[in-house]
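Biologist: Before any discussion begins, please place the sequence and the structure side by side. I shall then put some questions about them.

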Amino acid sequence: MVERPPTVLVVADDELTRQRCSTWLESGTYDIIATGILDEAVATAKQAAVVLVAGGVGRASHDDLVRTISRHTRECAIVSLASSASHDLPCDERLSSPVQRQELRESVDRLVTRATYVDRLDALLAAARRATSSNRGRLSRLSSETRDLQDAFEPADYEAMFRTIDPS
């Protein structure tokens, strides 16, 4: 099975902001899609590992856009990049604008790593579910405990965990 690289979606009304963020992220191990169209942003976010919201689009303000994407997509991580965003936004990472290239790269790389390993963990849980279909209570508890732990993991933790499971 060939794995596709994860997708990072850059959303901003301002074309120069989209271009700058996309250029800064170019050498990553992910595909980058940039848009300034609200409907396209929401639709594409459903397949993205990470969504970088660097401004509002169309009639949606930055904060409204973050909330909309969060409501419509439960699987992707959201990075809020703004000079004055609300602190109660449903996002995984909050960066202040103007942001430095290195800070943006580190944030997106960390969230892409997390998303990649969460996908692999989901595949592992699916395999475990098939293998332990007769003991659903135990599998449910293990799945819940795993989800509780995943937010505390750093990229090195994920890598170590999967080296233990699959040493190849």
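**Helix, sheet and core**

Modeller: As a starting point in this predicted model, the cover over the buried residues of α2 includes β1, β2, β3 and α3.

Biologist: Which residues of α2 are buried?

Modeller: A residue is called buried if its relative accessible area is under 20%. By that criterion, the buried residues of α2 are Leu-38, Ala-41, Val-42, Thr-44 and Ala-45.

Biologist: In what order do the five strands stand in the open sheet?

Modeller: The pairing in this sheet is parallel. Strands β2 (31-35) and β5 (93-96) each have a single partner strand, so they stand at the edges, and one side of each is left without a neighbour in the sheet. The twist from one strand to the next averages 20°. The order is β2-β1-β3-β4-β5.

Biologist: Which residue in β2 stands opposite Leu-9?

Modeller: Strand β1, residues 7-11, runs parallel to β2, and five bridges join the two. Within β2, the residue opposite Leu-9 is Ile-33.

Biologist: What angle does the direction of α2 make with that of β1?

Modeller: Helix α2 comprises residues 38-45 and packs on the sheet. It touches β1, β2 and β3 (50-53). The direction of α2 makes with that of β1 an angle of about 160°.

Biologist: Across which strands does α3 lie?

Modeller: Helix α3 is formed by residues 62-72. It runs at about 180° to β4 (77-82). The strands that α3 lies across are β1, β3 and β4.

Biologist: Through which helix does the chain cross from β1 to β2, and is this crossover right-handed or left-handed?

Modeller: Along the sequence, the pattern of the protein chain is β-α-β-α-β-α-β-β-α-α-α. The passage from β1 to β2 is a β-α-β crossover. Its helix is α1, and the crossover is right-handed.

Biologist: Which element gives the most residues to the largest nonpolar core?

Modeller: This core has 21 residues, and those touching the most other members are Val-8, Leu-25, Val-50, Leu-52, Leu-81, Leu-104 and Val-108. Two or more residues are given by each of β1, α1 (15-25), β3, β4 and α4 (101-131). With five residues, the element that gives the most is α4.

Biologist: How many residues are in the other core, which lies apart from the largest one?

Modeller: Its members include Leu-9, Leu-38, Ala-45 and Ala-48. Leu-38 and Ala-45 are also among the buried residues of α2. The number of residues in this other core is 18.

Biologist: Which residues is Leu-104 in contact with, leaving aside its neighbours within four places in sequence?

Modeller: Contact here requires heavy atoms within 4.5 Å. With those neighbours left aside, the partners of Leu-104 are Cys-21, Trp-24, Leu-25, Leu-52, Leu-95 and Val-99.

Biologist: Which two residues does the cis peptide bond join?

Modeller: One of the two is found in the loop between β5 and α4, namely Pro-98. Omega for the bond is about 5°. The bond joins Ser-97 and Pro-98.

Biologist: What percentage of the residues in the protein chain is buried?

Modeller: The protein chain has 168 residues, with six helices and five strands. Buried residues make up 41%.

Technical notes
Residues are numbered from 1 along each chain as its sequence is written. This is a predicted model: local features need pLDDT of at least 70, side-chain atom pairs count only at pLDDT 80 or more; totals for chains, interfaces and linings use all residues. Side-chain values use heavy atoms; hydrogens and water are left out. Two strands pair if DSSP finds at least two bridges between them. Helices (H or I, at least four residues) and strands (E, at least two) are DSSP runs, numbered from the N terminus. Axes are lines fitted to C-alpha atoms, for helices over the stretch in contact, and angles run from 0 to 180 degrees between N-to-C directions. Buried means under 20% relative accessible area, exposed over 50%, partly exposed in between (1.4 Å probe, protein chains only). A nonpolar core is a set of buried Ala, Val, Leu, Ile, Met, Phe, Trp, Tyr and Cys residues joined through side-chain atoms within 4.5 Å. A crossover is right-handed if, with the strands pointing away from the viewer, the path from the first strand over the helix to the second runs clockwise.
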